[in-house]
Amino acid sequence: MVGIGSERENNRNIYIENEVTSFFGTSMSSEGVRKANMRAIVFIICVIFTIIALHAAFTTAAALSLPTATNFGIINDTESACCDMSVAIPVTITNLENGPVAAIIFNIMYNNSVMRVVGVHNGALTANWENPTYKNFNWGTRVAMVTKPPENEMIPDGANGSVALLVFNVTGEPGSWSTLSFSDIQLAEGPPDYQIGTAPAKSGIFTVVPCSLKGRVTDVVGTGIEGATVNLTLDGVSIASTSTDIWGNYWFSFAELPPGVYNLSVTKKRFWLNRTTVTINPDESTRADITLLLVGDLNNNGKSADILDVSLMWNAWANLIPKDFRYDLNHDGVEAEIEDVALMWNAWMGEIVLE
Ligand SMILES: [Ca+2]
Ligand SMILES: [Ca+2]
């Protein structure tokens with residue numbers, strides 16, 4: 001067995017020696033040259049096929065891993081507002097894949113005789129990114145956004161939510177409209193590849209509606225209150241309700257409000273309810289601005305339960321100054337009793353938030 005094995009080993013060594021020497025051209029006969037040429041051709045063909053195969057593999061892998069999403073754009077198919085108002089419209093991404101995403105670029109196209117971008121804010125998913133940059137053109141606006149270094153606030157796979165908030169000034173006449181459509185959506189992933197993908201655009205239509213009633217809800221220092229609920233009742237029946245936008249603006253269309261004398265009430269957590277009456281006439285726009293008082297802010301400086309508020313509550317409890325509903329912090333109908341003093345004190349200590 002040993003002898004046979006050795007003989008095979010020797011044969012193999014001789015074979016390898018012959019092959020190698022003939023391939024590299026030493027001791028070549030004309031037969032050797034022919035074989036060598038054939039081997040060279042086969043070798044080159046193999047190399048070419050290998051390069052093509054590798055290129056195809058890398059290209060396919062890259063295509064599969066490009067960032068994308070189910071869609072990118074406006075959530076609602078239709079958006080509307082009255083003229084001479086600002087409106088904030090979120091740009092959202094649905095089900096991000098192959099991220100995370102570290103930068104976003106897109107175009108939003110619209111009719112600039114109807115509306116115009118006057119600001120772009122970060123969205124919920126990009127809250128800690130750099131402030132967006134944007135440039136207006138006659139077809140619309142181009143927006144670019146990027147995360148802050150060291151890129152640890154990238155948008156993760158599976159994310160859903162707003163990436164930007166487009167602020168428009170609405171200048172079109174009631175009844176005018178514009179498409180809101182997206183193009184050149186670029187989703188750039190983070191390191192190490194920085195590949196740029198895209199996602200299907202989700203467009204919408206914006207309509208300028210005739211406005212029956214509009215106004216702004218602010219605090220005592222004039223700051224708009226976002227998310228306040230504005231409710232309208234007519235003869236005790238709730239007719240329409242809406243929420244204020246990021247500036248505290250609200251509006252109702254004529255279609256929503258039949259003519260009549262309405263009770264308008266505005267509520268927001270941590271603020272005292274406020275109400276007024278408004279008369280709605282046909283074909284006439286009415287304005288009603290409302291101020292909400294912050295619970296616990298007795299000296300109207302916009303801060304609840306500061307030391308001056310505590311002092312005022314003590315003085316009211318001691319009947320040294322007049323009191324009003326704002327001194328009834330436990331909402332039991334009794335103003336500036338000892339329980340109200342205790343609540344103010346606890347809020348000043350930071351132990352509770354008055355509401
Ligand atoms: Ca105060
Ligand atoms: Ca009370």
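**Exercise 1.** Find the residues with the most contacts inside the largest nonpolar core, and state which strand and which domains supply it.

*Solution.* The largest nonpolar core holds 60 residues, and those with the most contacts inside it are I93, V101, L166 and V217. Such a core is a set of buried Ala, Val, Leu, Ile, Met, Phe, Trp, Tyr and Cys residues joined through C-beta atoms within 7 Å, where buried means that 20 or more other C-beta atoms, placed from the backbone, lie within 10 Å of a residue's own. This is a predicted model, in which local features need pLDDT of at least 70 and side-chain atom pairs count only at pLDDT 80 or more, while totals for chains, interfaces and linings use all residues. Residues are numbered from 1 along each chain as its sequence is written, and chains are lettered from A and ligands numbered from 1 in the order in which they are written.

Next, strand β4 (residues 101–109) gives the largest share of this core, six residues; strands are DSSP runs of E, at least two residues long, numbered from the N terminus. At least three residues come from each of domain 2 (71–209) and domain 3 (211–291), with bounds from an automatic or database domain assignment.

**Exercise 2.** Determine the strand order of the open four-stranded sheet and locate its edges.

*Solution.* The order is β15-β14-β17-β18, with antiparallel pairing, two strands being paired if DSSP finds at least two bridges between them. The edge strands, each pairing on one side only, are β15 (237–243) and β18 (274–280). Finally, β17 (residues 260–267) and β18 pair in the antiparallel sense over seven bridges, and L264 stands opposite T276 in β18.

Terms used: Buried ≥ 20, exposed ≤ 12 C-beta atoms within 10 Å, placed from the backbone.
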